[in-house]
Amino acid sequence: MTLDPETSAKITRYRPRLPPPEWEKVADTVRMLVAASADRSPYNVERLLHATARLAAWCHRRGLPDDPEVWLRHETIDAFVLTGCTDLAPSSAQTYRAWLRHMRATLAWLERGEQAPPPMKAPKTVSPPYSPAQLGRLRGWAEHLPGQIRTDALALMALAFGCGLTSGEVAAVQAGHLCLLGSGAIVVTIPGTHRLIVCRATWEDVLIHAADRPRRRLRLPARTRRPARQEPVQLLDGPPHPDRRPARPVGAPAALHLDRRAAERPHRPGGSGRRGQDKLLRAGPLPTFRPRPGRAHHGRAAARPHQVSTAKPRAWPPRTTRARATRPRPPAKQTAQIPDAVTSHYAHLLDESGIMALINDELGPRPGPAGVPIRAVLVCLMVSIHHSGKATLAEAWRLAAFCLSPAARQQLGLDPDRPPADDSHACLADNRCFYRAFDRLTTLLDPARHDRRTRLPQHEADRLATAWEDDDPDHTRKRDLLQEVVTALVLTPVCWGKGRGYLAGFRGDVGIDTTTAPVFARPPRTRRSTGEPIASTEITAGWHHSAGNDPPEYGYSATLTVAARTRSVLGAFPQLALGLALDTPHKRIGANAITTLKPLVALGFPTAFAVVDRAYTDQQPAHFAQPARELGYRLALDYKVDQRGVQGSAHGALLIDGSLACPLTPAKLATATTGLDDAAIRTPSQELTALIAAREPYLLRLKQSANAGGAIRLQCPAAGTSPSVTCPRFDRLHQRGSSRPTTIDLTDARQRAAHPAAKPRVLPPTPDHKTGELPKICHQHTITLHADDLGHLDKFRQDLAYLSPAGAVTYRAIRANTDGINGRLKGHDLDLGDPKNRLAHGRVAQTILVALLVAVALLVAVANDHFLDQWRHIHKPPDEPVTLADTHQTPAGTFGGTPPAGQSRPPPAP
C-alpha cells in the first residue's frame, strides 16, 4: 500500500492544535492506524487523524492498553462516544462513531466476544428564534410607530412570523404577491418560485390591510434615535458605576431586532477621550453631581469640578485605636496583680476535672505538716501559663507570692500573708515549700523513682526506664493514673465547649499526629575520661525525627487528637485538641492514638474519619487500624514511596492503594502510583488524576458495614442492579443474558451516562481461565472480608479511595486542622516547642506541664480570652443569644470560688 505524497505528508506532520499530555505516547500508533486505512476511506484524512487521536488519548486516560485492537473494539468506541465526546454536538459525536467504525471495518478486526453495538440517535431540535413574550413585545413596539412605518413594520413581521419566510424572500415580496381567498385566508406567492404560503390566522388582518396597497414594496422602518439624555459626567470619581447604564436609543428592543446579528452600540454624543470631555464642557452647565455613598471628596478638586483631577484619592483614615491595641507592649517595671476572677476560673477548671480526687486518693494520709497544697501549685502553674506562657515553677511561685491577693491565696489554701520581699530567707523557705509540693506529685505518679537531677550510667538508666514499658501491675497502675490525669485536664475545657454549644457543628472527624516536646536536658553521651556511657537526666526521652527536613530534637513525642472538619457547610467550631499522650519518640505510636480516642467514644462524641500520616500506616493492624475501626472510626491514610500501587490481595481481589479492586483491573490503572515520589502525589498531574478517576469503577463497593467481629461485605463492581463496569466473565459465570438493545438518545446527557455501553468494559484474557481456576470474587456476587484475611497488609486498607476527589479533600482538610493546632500550641504567646518553658526534669513532670499548657490553650479557645477571641465573635452559636441579662457581671469585691449561675460563662479577660 502506497499513499500519495500529499496524504503521507499530512499524516507525518499531524499534531493536535492543543495536544494532550499523553499525545507523544500514542502519536505513532495513531499515525499508523490512519495510514493503514486512508486509501480505503472516503473521509478526509485530517478528520480521521483528529478523531483517532482523540480516541487514543481517551483510552490512555482510561487506563486501557496502548493496543489498536483494544481501541477499535465496539465497546471502546461506544464508551468513547458516550463519555468522551460530551463537549461535542450529538450529531458530531455520531459522526465520530461512524468514522471510527468504518476504520475498524476497513482494517478487518476479528470479533472476539464483543457485544453488539447499541443503536444511537441524535435528533435535531429546532428552537424558535423568538419566544411568545418577545413576539408580543416586538409587535407592541411596531404598533406604536408613526404613519406608514407602522403598516410596513407589521407587514414585515407578518411575513416573517406568520408565513415563515426567510430574509431574502421577505425582501422580494410586494403587496401584489398577497392574495385574499374567499374563505378569509390570505396566501403569499413567493417570487421566483411556485410556492404558496398560507398566513397564520394571528397575522391575517395585518396582511389584508397591506394587500390593499398594490405594487408597493414594503419598507423596513429606520431606527431613529432620540437626542441622548445628558448624563452626569463623573470627572473626579473615576469610571461610571456599573449599575448606571447609558440611555438606550429609541427603537426596537435590543433582543428583538429582526436582524439578530446587528449589535446595539451605545450612543456617544461627544466622542471619547480628552476631546470628548471638552465638547461636553462647552455644551452647557452640567447637572448636579452626587458622589457615591461612603466616598468623601476633599480639597480643591471638589471646588472646581470642571477640571480633571490627577491626584490619587485619599485613603481611609487609619484606625488608630485598633492599631494601638495590636502593638506589643513593653513589660511594666512593677509586678502586675492577678485578678481574683482569673485565679478562681482556673481553680474551677481543676476542680471540675476531678484530678484532685484521684491525686488525694493515691496520696493518702501522711504524717507531718501538710505543706503547700498540690492544688495551689497546679493553679499557679496555669495562671503562669496564662500570663507569661511559661510552665516553670519559678514563675508560678513568683506569681503566687507577689501577684495574688490575700483572698485568692486563702482560696488556694496558702497563707494569706505574703512573704516579705526584702527577707531573702523567708522567700527561700516559701519557695522550697512550693517546690516540694510539686515534687510530691511527681514522686507519687512516677513508676521509676530516682534522682532526676543526676546523670546516671546508661545501664542503670535503662533498667529504670523499663518501668515505663513492663507489665508490672504497680507500674501499669501508675502509668494509667498519669494518663487519666492528663485526659481529664484536656477534656474538661472540651466538655465546657460542648455544653455551651460550640461543638454543634462537630461531626466526628479527627486528625491524629505527633509533635515534638523538647526537653531542657542534654542527650546521652560518653564520659571522656573513662569512656563510660552516661544517660540523660530524661531517661525515657529520645530523638524526635519530623517528616520534613528539620533536624531531630531531643525530648518526648506528644500525640494530639484534633477536632477537624472537612466542609464549611457542617458549621464552624473552635480548633480544639481532644486528646493528649506523651511518650518516648517513635514508640507505641498506634497505642497512644487509641488511648486518646477511647475517652471520646465514652463521652458520646460522634465518630467519622480519622486522618493520620505515614507513621501510623506502618503500625501493626492490631495496634492501630483494627482498634480504631472497632471504635467506629474510618481511616484515611497516606503511604510511603515503596508502599504505593498493588499492595496484596484477598479472595482474588487486588489491594490497590488501600482499596480492594477487581482482579482484572487494567495494569496501567493498578500501577498508576507505583514508584511516584511525594512531590508527584501532593501535586498530581493531569494524567495521574485521570488514571485515578478511571480506577474508581473497578473498586469493590461496600455492601454491608462491619459487624461485631469487624467483618465487612464487599460487592463485585459488575454485580448488583447498577454495576459500575461490564464484565463478560461475570455474565458467563452467572448466566446474565444480554439485555434488549435500546436506542441511545445522544441529546440526553443522563441517558448517555447511565447506559451500560458508557461503563468500562473488563477485558479478560483470551482464552479465559477455566471456571475452577477463577478466584472467589469471580464466583460470588459478594465476599466477606474478615479482620485477619489480609494479615499484616490490613494496615494499608482505608475507607476512602486514595487520591480520589473525596479522599484528597478529606485528607487535606483534616491535616490542615491538625497542623493548625500544632501552630497554635507553638506560637508566640504559648510555645510548646521551647524547652525553656518547661524546666522541670522527669517524664511525669513533663507530662503534667504539657497537659497544663494544652488545657490552658483549650480553655482560652473556649472562653472569652485573647487567644481565640475572634472566633467567638465571628462564629457565635445560634442557640446562645448574647443579651445583657445573660452576661454575668463580676462584682467589684472579692470573687468567690463558686462559679456563676446560668450558663457558667467565664469571667472577662483581665
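Two strands count as paired here if DSSP finds at least two bridges between them. Helices (H or I, at least four residues) and strands (E, at least two) are DSSP runs, numbered from the N terminus. The model is a predicted one, with local features needing pLDDT of at least 70 and side-chain atom pairs counting only at pLDDT 80 or more, while totals for chains, interfaces and linings use all residues. Residues are numbered from 1 along each chain as its sequence is written, and side-chain values use heavy atoms, with hydrogens and water left out.

A good place to start is strand 13 (residues 646–650), which is joined by four bridges to strand 14 (residues 653–656), the two running antiparallel. Within this pairing, Gly648 has Leu655 of strand 14 as its bridge partner. Two residues sit between the strands of this hairpin, and His651 takes a positive phi near 55° there.

Strand 14 then carries on to another partner. Three bridges link strand 14 with strand 15 (residues 659–661), again in an antiparallel run. Here Ile656 is matched with Ser659 of strand 15. The hairpin of strand 14 and strand 15 also has two residues between its strands, and Asp657 takes a positive phi near 50° in it.

Further along the chain comes an open sheet. Its three strands follow the order 16-17-19, and the pairing is antiparallel. Strand 16 (701–704) and strand 19 (782–785) form the edges, each pairing on one side only. Neighbouring strands of this sheet are turned by 40° against each other on average, direction ignored (axes are lines fitted to C-alpha atoms, for helices over the stretch in contact, and angles run from 0 to 180 degrees between N-to-C directions). Strand 16 is tied to strand 17 (residues 712–715) by three bridges, and Leu702 finds its bridge partner in Leu714 of strand 17.

Now for a helix. Helix 7 (residues 132–143) has twelve residues and spans 16 Å from its first C-alpha to its last, close to the expected 16 Å (1.5 Å times one less than the number of residues). Its buried residues are Leu138, Arg139 and Ala142, where buried means under 20% relative accessible area, exposed over 50% and partly exposed in between (1.4 Å probe, protein chains only). These residues cover an arc of only 100° around the axis, so they lie on the same side of helix 7; the arc is that of the directions from the helix axis to the C-beta atoms. Over on the other side, Ala133 and Arg137 are exposed. The cover over the buried residues of helix 7 includes helix 8 (147–162) and helix 10 (204–211), with contact meaning heavy atoms within 4.5 Å.
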